[in-house]
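Biologist: Please show me the chain, and then let us go through some of its helices one at a time.

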Amino acid sequence: MTTIFDLFDNILEEAEREFYRHRFEQALEKWQSYYQITAKVEYNLIIKEIKKLVKEINPAKIKSLSDLHRCFRLLRQRYLEKQIHPYTYRIFTKLLTDLYEKEFKTHAEEDDLATHAIFLYLEGDLEKAKRLLERYLKKDTENMEARVFEGHIYLKQGEQKKAIAVLTKNLFLAADQLYEDDLYLSQFKMLYGRLHSEYGRKDVALWLLAFEAWFRNYLVFEQDEGFYKIMLRKEQNERIIRVKYTLAEKYRHFVRCLYISEYSRLFIKTNKGMINEIETYMEQLDVALFTRYRKKRKPLKMN
């Protein structure tokens, strides 16, 4: 027996069908009817968001993979910054994914490996998405968007340790570019939330998250000489460029030094002089944080 609630659901489904056919005015009329009947306040907000995004994204003007990627990046940023409702994010993600399937999926992969990988991930083709991201990251190791989605793939495949290994590198590479959703697991998200409440700044909280997660043994260090050299280069270059640091910059230096020291202890074991120099600098940056680090660090066992 059909109930009145089934009729409400039918209106919502009709609105979504019209939307995916790019009949946006008709879809908005359906959503407006749904809102008037149900009086669900969130749909008044959702309707406004949809109207704005349809104008900004303008699906009819998406003519290339790069256009599609730009639109998805805009959409995801709004969602991660909590500027749009999850429902709005879901329907626009499906709209863009459908467009990828119909218009761009057959385009040469080498033209844009990252975009193909992201949309394959959204479609659920995790294995192919992972293969493309691995190829892409060999060419552009520091691309944070690609790195973040690589971790999401591992997590969806149930490979939690590999996802944490990706997150570990991301936190040391560019923690301040991450969003809460990019932290993957609840222990990282809860720890970030506590730090954000304490310091009131996203960038400071994220850089400190690297230290606090290391302190709690949440992180997974993998042997990766190429990434280690990137950390060395960044730390050396940025230390030369800046003399006086903001709080976020100070913690960025501290945790990158921590990575260099820990990696050297775990995998190289011949850099005693450099480790001592790095740790002396860490103490100069923040005595209290270094005291906690010194108590927690592994003993130095040189070959």
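**Helices and their packing**

Modeller: H6 and H7 run roughly antiparallel to each other, because their angle of about 155° is over the cut-off of 145 degrees. The model is a predicted one.

Biologist: How far apart are the axes of helix H6 and helix H7?

Modeller: H6 covers residues 113-123 and H7 covers residues 126-139. H6 passes H7 in a left-handed crossing. The contact involves Leu 113, Ala 114, His 116, Ala 117, Leu 120 and Tyr 121 on the H6 side, and residues of H7 including Leu 126, Ala 129 and Leu 133. The distance between the two axes is 8 Å.

Biologist: What arc around the axis of H7 do its buried residues cover?

Modeller: The buried residues of H7 are Leu 126, Ala 129, Lys 130, Leu 132, Leu 133, Tyr 136 and Leu 137. They lie on the same side of H7, because the arc they cover is only 165°.

Biologist: Which exposed residues does H7 carry on the face turned away from its buried side?

Modeller: The buried residues of H7 are covered by elements that include H6 and helix H8 (144-156). A residue counts as exposed over 50% relative accessible area. On the face turned away from the buried side, the exposed residues are Lys 138 and Lys 139.

Biologist: What span should helix H2 have at 1.5 Å a residue?

Modeller: H2 has 15 residues, 24-38. The expected span is 1.5 Å times one less than the number of residues. The end C-alpha atoms of H2 agree with the expected span, which is 21 Å.

Biologist: Within what arc do the buried residues of H2 fall?

Modeller: Phe 24, Ala 27, Leu 28, Trp 31, Tyr 34 and Thr 38 of H2 are buried. Seen down the axis of H2, these buried residues line one face of the helix, because they fall within an arc of 115°.

Biologist: Which residue follows H2?

Modeller: On the other side of H2 from the buried residues, Glu 25, Glu 29 and Gln 36 are exposed. H2 is followed by a residue with a positive phi, near 60°, and that residue is Ala 39.

Biologist: Are H13 and H14 roughly parallel or roughly antiparallel?

Modeller: Helix H13 (residues 247-268) and helix H14 (residues 272-285) pack with their axes 9 Å apart. Their angle is about 155°. Angles over 145 degrees count as roughly antiparallel. H13 and H14 are therefore roughly antiparallel.

Biologist: What is the handedness of the crossing of H13 and H14?

Modeller: The contact is made by residues that include Phe 254, Cys 257 and Leu 258 of H13, and Ile 275, Ile 278 and Met 282 of H14. H13 passes H14 in a crossing that is left-handed.

Biologist: What is the handedness of the crossing of H10 and H11?

Modeller: H10 and helix H11 (residues 202-215) pack at an angle of about 130°, with their axes 9 Å apart. That makes H10 oblique to H11. Among the residues in contact are Phe 188, Leu 191 and Tyr 192 of H10 and Val 204, Ala 205 and Leu 208 of H11. The crossing of H10 and H11 is right-handed.

Biologist: Is Lys 189 buried or partly exposed?

Modeller: Lys 189 lies in helix H10 (residues 186-199). Not counting residues up to four places away in sequence, Lys 189 touches Glu 180, Asp 181, Leu 183 and Tyr 184. The relative accessible area of Lys 189 is 25%, and buried means under 20%, so Lys 189 is partly exposed.

Technical notes:
Residues numbered from 1 in each chain as written. Predicted model: local features only at pLDDT ≥ 70, side-chain atom pairs only at ≥ 80, totals over all residues. Heavy atoms only, no water. Helix = DSSP H or I, 4+ residues; strand = E, 2+ residues; numbered from the N terminus. Buried < 20%, exposed > 50% of the residue type's maximum accessible area, 1.4 Å probe, protein only. Arc of directions from axis to C-beta. Axes fitted to C-alpha atoms, helices over the stretch in contact; angles between N-to-C directions. Parallel < 35°, antiparallel > 145°, perpendicular 65-115°, else oblique. Left-handed = near helix turned anticlockwise from the far one by under 90°. Contact = heavy atoms within 4.5 Å.
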